[in-house]
Amino acid sequence: MSRIMIVVGSIRPGRVGLPIAQWVEAAAAAREDCEVDFADLAEIGLPMMDEPNHPRLRQYTKQHTLDWSARVDAADGFVFVTPEYNHSFSPALKNALDYLALEWWRKPVGVVSYGGISAGTRGVTALEPVLAVLGLVRAGAAVEIPLLAPRFEDGRFVPNDKETAILEKMFAELMSLATSLQHVEK
């Protein structure tokens with residue numbers, strides 16, 4: 001069984017990323033090969049990078065960094081649920097990624113993006129070099145959700161069949177990659 005961390009990348013009040021991430025969480029929890037860690041960056045509340053040492057040294061001085069490091073280290077893979085902000089991804093997600101280095105190394109990641117007509121794809125394009133330098137291995141399947149306004153009922157995200165199928169494919173890839181990559185040295 002692989003431990004997958006679902007990261008809610010937006011901390012903005014009134015964000016739609018939370019119900020989308022809850023849909024992703026429910027899909028992961030329904031799988032028999034997956035244990036879920038739901039990481040809401042709004043609840044975690046990491047301040048802007050406040051560690052004096054480079055993350056590669058793992059000489060953390062703050063309890064919030066030690067806690068975040070332990071959680072990320074324990075994960076076998078990730079799903080980042082991220083909006084597109086000004087042709088990029090959210091600053092909260094960037095900050096959370098930058099806090100650590102080796103904890104991310106050679107672990108698989110899937111991306112669920114959302115936003116207007118572009119479905120967050122420009123944000124994912126900006127995210128890709130960050131994933132690469134941290135050593136994360138991206139799943140080929142990516143859920144891209146456009147035009148969000150009509151997609152909610154009673155505060156819950158309502159996916160279409162295509163999004164549901166792609167999410168299942170993403171989880172299958174993550175499980176396979178997590179197994180393949182678990183013995184790669186940091």
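Which residue caps the N-terminal end of α6? N160 does, as the second view of this predicted model shows.

**Figure 1. Overview of the chain.** The predicted model contains six helices and eight strands. Their order from the N terminus is β-α-β-α-α-β-α-β-α-β-β-β-β-α. The radius of gyration is 16 Å, close to the 16 Å that the globule rule gives for 186 residues, so the chain is as compact as a globular protein of that length. Along the principal axes, the C-alpha atoms fill a box of roughly 45 × 35 × 25 Å. Buried residues account for 48% of the 186 residues.

**Figure 2. Helix α6 and its N-terminal cap.** Helix α6 spans residues 161-181 and reaches 30 Å from its first C-alpha to its last. At its N-terminal end, a side-chain oxygen of N160 lies 3.1 Å from the backbone nitrogen of K162.

**Figure 3. The two faces of α6.** Buried in this helix are E163, L167, M170, F171, L174, M175, A178 and L181. Viewed down the axis of α6, these residues fall within an arc of 145 degrees, so they line one face of the helix. The face turned away from the buried side carries the exposed residues D161, K162, K169 and S180.

**Figure 4. The largest nonpolar core and another core.** The largest nonpolar core has 27 residues, of which W68, F78, F80, L97, W104 and L136 touch the most other members. Elements giving two or more residues to this core include α3 (63-74), β3 (77-83) and α4 (91-98). Apart from this core lies another, of 25 residues, among them I4, Y114, F171 and M175.

**Figure 5. Surroundings of W104.** Leaving aside residues up to four places away in sequence, W104 touches W68, V72, F78, F80, A96, L97, L134, G135 and L136.

Notes. Residues numbered from 1 in each chain as written. Predicted model: local features only at pLDDT ≥ 70, side-chain atom pairs only at ≥ 80, totals over all residues. Heavy atoms only, no water. Helix = DSSP H or I, 4+ residues; strand = E, 2+ residues; numbered from the N terminus. Expected span 1.5 Å × (residues − 1). Buried < 20%, exposed > 50% of the residue type's maximum accessible area, 1.4 Å probe, protein only. Arc of directions from axis to C-beta. Polar contact = N/O pair within 3.5 Å; in protein donor to acceptor, adjacent residues only side chain to side chain. Core = buried A, V, L, I, M, F, W, Y, C linked by side-chain atoms within 4.5 Å. Contact = heavy atoms within 4.5 Å. Rg over C-alpha atoms; globule rule 2.2 N^0.38 Å.
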